[in-house]
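Notebook open, viewer loaded. I want to go through the ligand site before anything else, then a handful of residues that I marked for a second look.

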Amino acid sequence: MEFRDLKRQYQVLKPEIDTAVEKVMTNGNFINGEQVQELEKQLAEYVGVKHCVTCANGTDALTLAMMAWQLGKGDAVFVPDFTFFSSGEIVSFAGATPVFVDTDVDTYNLSVESLEYQIKKVISDGKLIPKAIVAVDLFGQPADYCEIKKIAEKYDLYILEDAAQGFGGEIQGRRTCSFGDIATTSFFPAKPLGCYGDGGAVFTNDDYIADLIKSLRVHGKGTMKYDNVRVGVNSRLDTLQAAILHVKLQAFEKYELDAVNQVATLYSEELQGVVKQPIVKQGFYSSWAQYTIQLKDEEERNKVKNALSENGIPSMIYYPKPMHKQLAFENEDYEYVDDDYKNTNFLCKRVLALPMHPYMNDVDVKKVAEVIKLTVE
Ligand SMILES: *Cc1c(COP(=O)(O)O)cnc(C)c1O
């Protein structure tokens, strides 16, 4: 069994993908081909925002946002304690300080109470200035933007939506990548919408920010490539990846999103009362980057992971270590108090992500559930 079956997906989409790739190879327009602009238009339309600017990966997309807002030394940026390293790394990389926020144990997204607690703490410390919130749509479910927006307005903070895992998710019909002042996603192969290498995108309704990011991604270009008005980076999505994503976006819209939701529903039926399941909030829709269960303790998790493995079933621990405990953040100008992160500490010892992808059949889902049932009971 595959954890995320990209080979099966390729077999299904092969005729269209091969044609799209061959066209790029024949035309030789590897950088800045028309497929890139076409994809940006389609993605912006799908998400429902004015601008999509593609780039080389999801981490660069986040970094471009930090650069556009000119965040740096002395600025506090609030980041979930339970996420992929990138969400906090980009803050330190920009010279600003990541202040971690505890987790909601049901949705795995940031806890709004902990967010406000950390903001107040930074204000009363008086050393850093609160500037932005990185809200992550973890495992496919959008963060609670209704509540996050209230706090952002109250404390005058930007919202940077990290939808690397959340592309395709919704809150009451409104799609992810449209909630942040700037939103980003990743097209890393295993993400909900993945390409065949690295890729990413930035989304915004702000014309000025969109222009600025278009300049920053190509060495701070001005009116043309050899007129450089600011220091930027080189971060482009290449034409091949854009051509592949064009085909994959169609499958994603047409049936893949439905398919992962069906897999999730079947898992939830099969595992009802057996383990703690991921909870999707009322009115929210997940694109199921991961289906993550919680076991009783670390020992039970090891038992289940081993039993799955003995049955040829892969599983993953996302994430084994809270951000506030990462060595890389040891020298930040902020003292992370372990007690502030009870939920993340709890989750890191108990979570287990199960195989999840749009091409997974019912027999396999039931097999995974069966092994878990036999192991925990
Ligand atoms: C994957 C991921 C990123 C980074 O995306 P890359 O394309 O790998 O750079 C950022 N944030 C989160 C939450 C991710 O899962």
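How many residues surround the ligand, and which are the closest? I get 13 residues around the ligand, and the closest are Gly58, Thr59, Asp162, Ser186 and Lys191. Note to self: this is a predicted model.

**Entry 1, ligand contacts.** I went through the polar contacts on the ligand's oxygen atoms. Thr59 puts a polar side-chain atom 2.5 Å from a ligand oxygen. For Gly58 the partner is a polar backbone atom, with 2.7 Å to an oxygen of the ligand. Gln165 uses its side chain: an N or O atom there is 2.8 Å from a ligand oxygen. Next I looked up how much of the ligand gets covered: on its own the ligand exposes 380 Å², and the protein buries 92% of that.

**Entry 2, the pocket.** Which pocket does the ligand take up? I find that the space it fills is the largest pocket. Then I asked which elements give two or more residues to the shell around the ligand. They are helix H3 (58-68) and helix H4 (86-93). I also sorted the shell by class, and it comes out as three nonpolar, eight polar and two charged residues.

**Entry 3, two helix residues.** Thr375 sits in helix H11, which covers residues 362-376. Is Thr375 buried or exposed? I count Thr375 as buried, because its relative accessibility is 15% and the cut-off for buried is under 20%. A polar atom of the Thr375 side chain lies 2.5 Å from the backbone oxygen of Val371.

Ala259 is in helix H8, residues 239-271. Its relative accessibility is 16%, so I put Ala259 down as buried too. I also took a distance here: Ala259 and Thr176 are 83 residues apart along the chain, and their C-alpha atoms are separated by 18 Å.

**Entry 4, the loop between H9 and H10.** I found Asp339 in the loop between helix H9 (298-310) and helix H10 (342-350). Why do I call Asp339 exposed? Because its relative accessible area is 53%, and exposed means over 50%. I checked Asp339 against Asp102: they are 237 residues apart in sequence, yet 9.8 Å apart in space, C-alpha to C-alpha.

Tyr319 also has its place in the loop between H9 and H10. I looked at the peptide bond from Tyr318 to Tyr319, and it is cis, with omega near 0°.

**Entry 5, positive phi.** Two glutamines made my list here. Gln70 has a positive phi of about 55° although it is not a glycine. I located Gln70 in the loop between H3 and strand S2 (75-80). H3 is the helix I wrote down earlier for giving two or more residues to the ligand shell. With 69% relative accessibility, Gln70 counts as exposed.

Where is Gln172? I see it in the loop between strand S6 (170-171) and strand S7 (174-175). Its phi is near 45°, again a positive value in a residue other than glycine. I mark Gln172 as exposed because its relative accessible area is 70%.

Terms used
Residues are numbered from 1 along each chain as its sequence is written. This is a predicted model: local features need pLDDT of at least 70, side-chain atom pairs count only at pLDDT 80 or more; totals for chains, interfaces and linings use all residues. Side-chain values use heavy atoms; hydrogens and water are left out. A residue is near a molecule or strand if one of its heavy atoms lies within 4 Å of it. A polar contact is a pair of N or O atoms within 3.5 Å; within protein, one must be able to donate a hydrogen and the other to accept it, and residues adjacent in sequence count only if both atoms are side-chain atoms. Accessible areas come from the Shrake-Rupley method with a 1.4 Å probe; for residues, only the protein chains shown count as cover. On a 1 Å grid over the protein atoms alone, a cavity is a set of points where a 1.4 Å probe fits but cannot get out, and a pocket is an open set with protein on both sides within 12 Å along at least five of seven lines; lining residues have an atom within 4 Å of a point. A molecule sits in a cavity or pocket if more than half of its atoms lie within 2 Å of its grid points. Ala, Val, Leu, Ile, Met, Phe, Trp, Tyr, Cys and Pro count as nonpolar, Asp, Glu, Lys and Arg as charged, and the others, Gly among them, as polar. Buried means under 20% relative accessible area, exposed over 50%, partly exposed in between (1.4 Å probe, protein chains only).
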